[in-house]
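Please open the model in your viewer and keep a selection panel at hand. The stops below each name something to select and then say what is found there.

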Amino acid sequence: MQTSKKAVSRSGLAALVLVLAGVGAVMPVAMTFALPVTLVDDGGADDAGGQKDLSQITTDAAPLPDSLTVTWNWDDTSIFGSNTLDACSLFDTDNDGKANYALCVTAGGNPVTHQSTTLWSCDDSKSDRCSGNSPIGSFSSTCTAAVEAGSDPFASAPAHANANDCNIAPKCFDDDTVARCTVKLSDFGTTNR
Ligand SMILES: [Ca+2]
Ligand SMILES: [Ca+2]
Ligand SMILES: [Ca+2]
């Protein structure tokens, strides 16, 4: 995914920028407040190996002022052994482009199912990771993760239809594992003002 940062032009939300860790992409929480915003990985299909391959991210500000909806896709739909899918959305709450919090999902199995959701505080020093992370024991944000039929944005891409990057082909070509998070702004000690 590209590394770019777009301004968010609303007080309160202006200080909240979303980063999907693992792909180095800084993304706005919302560019409009009427519709969800989906960013498909501009690296194309299968640009990262195995369990690190993310396909897209969607943010939806419709639940504001109390929460945001964030979803992201892993290309893979099955993980074996002790391996897991792991990804975090990073949140910048003081508008300096660096992460203050990370909401992370771990998933695994065949088919992939949700294993855990964790919230971390970060030391506000990095734009692409949760540096100096410390776990937050109690939080209100929630996430699910499950294989969703037809959710792969690269399903029609010819280069995607090979068996090199899917444990269970052809299922993984058309389907992704989708994490769906309801992000409670109260977890960050902020609201949409
Ligand atoms: Ca990808
Ligand atoms: Ca897929
Ligand atoms: Ca920050």
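**Starting at Trp74**

Select Trp74 and show its surroundings: leaving aside residues up to four places away in sequence, Trp74 touches Gln51, Asp53, Leu54, Ser55, Leu85, Asp86, Ala87, Val105, Asp176, Thr177 and Ala179. Keep in mind throughout that this is a predicted model.

Next, add Trp72 to the selection; both Trp72 and Trp74 are buried. Searching the whole structure gives three aromatic pairs. The rings of Trp72 and Trp74 make an edge-to-face pair, because their planes stand at 75° with the centres 6.0 Å apart.

**The nonpolar cores**

Widen the view to the largest nonpolar core, which has 25 residues, and in which Trp72, Trp74, Leu103, Val105, Cys181 and Val183 touch the most other members. If you colour by strand, you will find that at least two residues of this core come from each of strand E4 (54-60), strand E5 (67-74), strand E6 (85-92), strand E7 (101-108), strand E10 (142-148) and strand E11 (176-184). Another core lies apart from it and consists of seven residues, including Cys88, Leu90, Cys122 and Cys130.

**The two calcium ions**

Now select the calcium ion (ligand 1), whose donors are Asp41 (OD), Asp47 (OD), Asp53 (OD) and Leu54 (O), at 2.2 to 2.3 Å. Along the sequence, the donor residues of this calcium ion (ligand 1) have the spacing D-x5-D-x5-D-L. Is the donor residue Leu54 buried or exposed? Leu54 has a relative accessible area of 3% and is therefore buried, whereas Asp47, at 37% relative accessibility, counts as partly exposed.

Move on to the calcium ion (ligand 2), for which the protein donors are Asp75 (O), Asp75 (OD), Asp152 (OD), Cys172 (O), Asp175 (O) and Asp176 (OD), at 2.3 to 2.5 Å. The six donor atoms subtend angles of 76 to 173°, and the site of the calcium ion (ligand 2) is classed as irregular. Its donors follow the spacing D-x76-D-x19-C-x2-D-D along the chain. Two of these donor residues, Cys172 and Asp176, are buried.

**An aromatic cluster**

Select Phe91, Tyr101 and Phe188 together, since these residues form one aromatic cluster. Within this group, the rings of Phe91 and Phe188 have centres 4.9 Å apart and planes at 35°, so the pair is tilted. Phe91 belongs to strand E6 and Phe188 to the segment after E11, which means that the pair ties together parts 97 residues apart in sequence. Phe91 and Phe188 are both buried.

**The whole chain, and where to be careful**

Zoom out and switch to a cartoon: the chain contains one helix and 11 strands, which follow the pattern β-β-β-β-β-β-β-β-β-β-α-β along the sequence. Of its 193 residues, 47% count as buried. When contacts between residues at least 6 apart in sequence are considered, 57% of them join residues at least 24 apart.

Finally, colour by confidence, where the chain averages a pLDDT of 80 and 77% of the residues score at least 70. Select residues 1-17, over which pLDDT stays under 50 and for which the model has 56 contacts beyond four places in sequence. Then select residues 19-33, where pLDDT again stays under 50 and the model has 58 such contacts. Where pLDDT is low, predicted coordinates should not be read in detail.

Notes. Residues numbered from 1 in each chain as written. Chains lettered and ligands numbered in written order. Predicted model: local features only at pLDDT ≥ 70, side-chain atom pairs only at ≥ 80, totals over all residues. Heavy atoms only, no water. pLDDT = per-residue confidence, 0-100. Contact = heavy atoms within 4.5 Å. Donors = N, O, S within 2.8 Å, 3.2 Å for Na, K, Ca; no water. Buried < 20%, exposed > 50% of the residue type's maximum accessible area, 1.4 Å probe, protein only. Core = buried A, V, L, I, M, F, W, Y, C linked by side-chain atoms within 4.5 Å. Helix = DSSP H or I, 4+ residues; strand = E, 2+ residues; numbered from the N terminus. Tetrahedral: all angles 85-135°; square planar, octahedral: opposite > 155°, others 65-115°. Phe/Tyr/Trp six-rings, centres within 6.5 Å; stacked < 30°, edge-to-face > 60°.
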